[in-house]
Amino acid sequence: MRAEKQPVFDWFRLVAVCLVVAIHTAPLADVSPLADLWFTRILARIAVPFFLMTTGYFLSKTDWSRSGHQIKKLCRLYGISILLYLPVNLYAGRFGSAAEWMKQLLVEGTFYHLWYFPAVILGIWLVARLQRFGLRVALPAAVLLYLIGLGGDSYYGLLSQIPTLKHLYDGLFSLSQYTRNGLFYVPLFLVLGSVDWKLSRWAAGIGLAVSMAVMSGEGLWLHAIEAPRHDSMYLMLPVCMVCLFTLLRSGNHGSCKPLRRICTGMYVLHPLCILLLRGGAKVLGLEALLIENNLLHFLGVLLLSGLLSGAGLCAVGHRPKCTARAWREIDPDALGHNVEVLRQALAPDTELMAVVKADAYGHGAVPVARQLQRRGVRAFAVACLTEGIALRKAGIRGTILILGYTAPEEVPLLNRWRLTQTVVDGAHGHALAAQGRRIHVHLALDTGMHRLGIPTEDWRTLRGLFRRPELCIDGVFSHLCVSDGRTEEEAAYTEAQLERFYATVERLRSDGYDPGKVHIQASYGIWNLPVQPCDYARAGIALYGVGSDHTPVRTELDLRPVLSVRARVASVRTLQAGDSAGYGRAYRAQQTMRMAVVTIGYADGLPRSLAQRGGTVLIRGRRCPMIGRMCMDQLLVDVNTVPEVAPGDVVTLLGQDGAETIGAEDVALCCDTITNELLSRMGARLPVVERTEETCG
Ligand SMILES: *Cc1c(COP(=O)(O)O)cnc(C)c1O
């Protein structure tokens, strides 16, 4: 089950924004200059690194594949912010020349706090490239850049005593006013945020206290000797941030988008609020209260920027995350969890081969394979050539095994896309080889299913295939046909299949042929067999967190369903007693009732029979029965139990809504099929969205 919602990151974002406002308003300046120095020049310097680390954290969750998307979003926000401050800049007559404007736009941000946008955009771009070389390259590179930046920031006074260094840094400053920018400052925190530091809460807490104390000492000393040219960067700051971020991350569950947006608004708007407050105070004669009292000034700016930002948010309004009429929603966390659970169930040197055929059983092959790749899965299985090519085009690396037949004429494509082909029988193998190009193959062995594969007793054919130089035989596998059965007879049949398989593999080895990777288990082989001495296990349905049906298995695994299917209420209407609804007038109202029309139908992959076999949907967390006949693109439901139902409401066909869940096994059972069929037919017309905390509301 999902943990209770605790959007720690988003709450801390609010703290961080307050710290940024403090930097620009010096709330403690009247109390004590030393306190103010410590608070705004040292402590508050954790704010921006925190923003950067959350950015790194979320981008790393999708392997930085969404960095382009994030950059676009930031560019949009940056553009709006520039326009917002343009009148002030024009009024003040700043940046006379076009060259100066260019520099402002690309580096300094055109207003003092807007430096953040060009910096984070450059930083993301840079780190997205760096991380391709792995952490071992990205981290040292980012540390090095940070150290260079440090010399032009808090440590400038010390380093500039060396003339050559002073020369170098002063050269740098003609390009960028500070080293606190996208090149030297941002990358390190993006990288640090993307790493799971595996610190215990205790270690992180103690580390935070110690590093904060040391950083305070460092900062106060540097200021005492007047070393800082600017004070955004300290030697201890990254250490401090790793500890702080680890603590926050361990408690973070869920997110609060409105809060996040208010914080972004406050960040962008607070300098404007400083100007407004000053102007307002002057007009009202409240300067002593609102400007000269630093603490009240700080609070006033916070309040005003919070209010303005909230008002802006209300004016813009909420946009639902997915505006599609109906969609498939996959839960990357559940998928990752299933990968781990399955890996645990296999022998340590058995690798998981993810079966993503049939559009990943209706879950969306590309998004699923990308998520799996992120989690270290390096072997995939598909049904056919086109599925394999689609994955390669989407950037999926590693082995992609085509489990089904491919015409020999397609050998050039197998070759071109580095796909591994199953040899379905002797004739197929020789025909593939006859194309005259070297291709990678796995030999299918028929151990008793009598579908595909070379019969294990057909030794001549096996030997013949191993002698074809065109066939690079990377593996030998078989498929079990009753591994889901628990009767004695079925268990014996499976046992016989296993025996034939391993005997053949052994014989190949003893005859001097290398069988390569051997594999025989699919999902039910993992559930029902003891650990096997194989190189791969091919998991399909289990990976998606459901069984084919409710048949019990030998070893229950704690798997979680990955797919939800959702649609919307198109229209709500009232039927009078005796009214009929839908095709064939199949439903007749017994009394006055409320009915909703839902935006999904059998062309989206739902079994048409479901509506008449007791199918249900969830609306506002309540279960509503389907009525009448399902249409191609719509279906009807009885919403008497949900009086507040309204057009646009999200309707759950599969998955969870509140306390209620519709399981794929139940739907499949209801329609006399198995989840494999139900899911694999699901939704070619439906877009796939990845579930984030926001999409589940
Ligand atoms: C589809 C398929 C699998 C995956 O089966 P599941 O039962 O879904 O795990 C494994 N191997 C072969 C040969 C398949 O065709």
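The following legends describe close-up views of a predicted model.

**View A. Positive surface patch around Lys73.** Arg66, Lys72, Lys73 and Arg76 together make up a positive patch on the surface. Of these residues, Lys73 lies in helix H4, which spans residues 67-91. Lys73 has a relative accessible area of 43% and is therefore classed as partly exposed.

**View B. Nonpolar surface patch with residues from H13 and H15.** A nonpolar patch on the surface consists of Val283, Leu284, Leu286, Leu289, Leu295, Leu296 and Leu299, whose accessible area together is about 640 Å². Two or more residues of this patch come from each of helix H13 (257-284) and helix H15 (294-316). Helix H15 gives the most, with 3 residues.

**View C. Val283 in the nonpolar patch.** Val283 is one of the residues that form the nonpolar patch, and its place is in helix H13. With a relative accessible area of 71%, Val283 is exposed.

**View D. Surroundings of the Cys472 sulfur.** The closest cysteine sulfur to that of Cys472 belongs to Cys534 and is 20 Å away, which is too far for a bond. Cys472 counts as buried, at 16% relative accessibility. A disulfide would require the two sulfur atoms to be within 2.5 Å, and by this rule the count for the model is 0 disulfides.

**View E. Surroundings of the Cys624 sulfur.** For Cys624, the closest cysteine sulfur is in Cys670, at 16 Å, so the pair is too far apart for a bond. Cys624 has 0% relative accessibility and counts as buried.

Technical notes. Residues are numbered from 1 along each chain as its sequence is written. This is a predicted model: local features need pLDDT of at least 70, side-chain atom pairs count only at pLDDT 80 or more; totals for chains, interfaces and linings use all residues. Side-chain values use heavy atoms; hydrogens and water are left out. Patches are made of residues with over 30% relative accessible area and no salt bridge: like charges are joined within 9 Å, nonpolar side chains (Val, Leu, Ile, Met, Phe, Trp, Tyr) within 5 Å. Accessible areas come from the Shrake-Rupley method with a 1.4 Å probe; for residues, only the protein chains shown count as cover. A salt bridge is a side-chain nitrogen of Lys or Arg within 4 Å of a carboxyl oxygen of Asp or Glu. Lys and Arg count as positive and Asp and Glu as negative; His and the chain ends are not counted. The place of a charge is taken as NZ of Lys, CZ of Arg, CG of Asp or CD of Glu. Helices (H or I, at least four residues) and strands (E, at least two) are DSSP runs, numbered from the N terminus. Buried means under 20% relative accessible area, exposed over 50%, partly exposed in between (1.4 Å probe, protein chains only).
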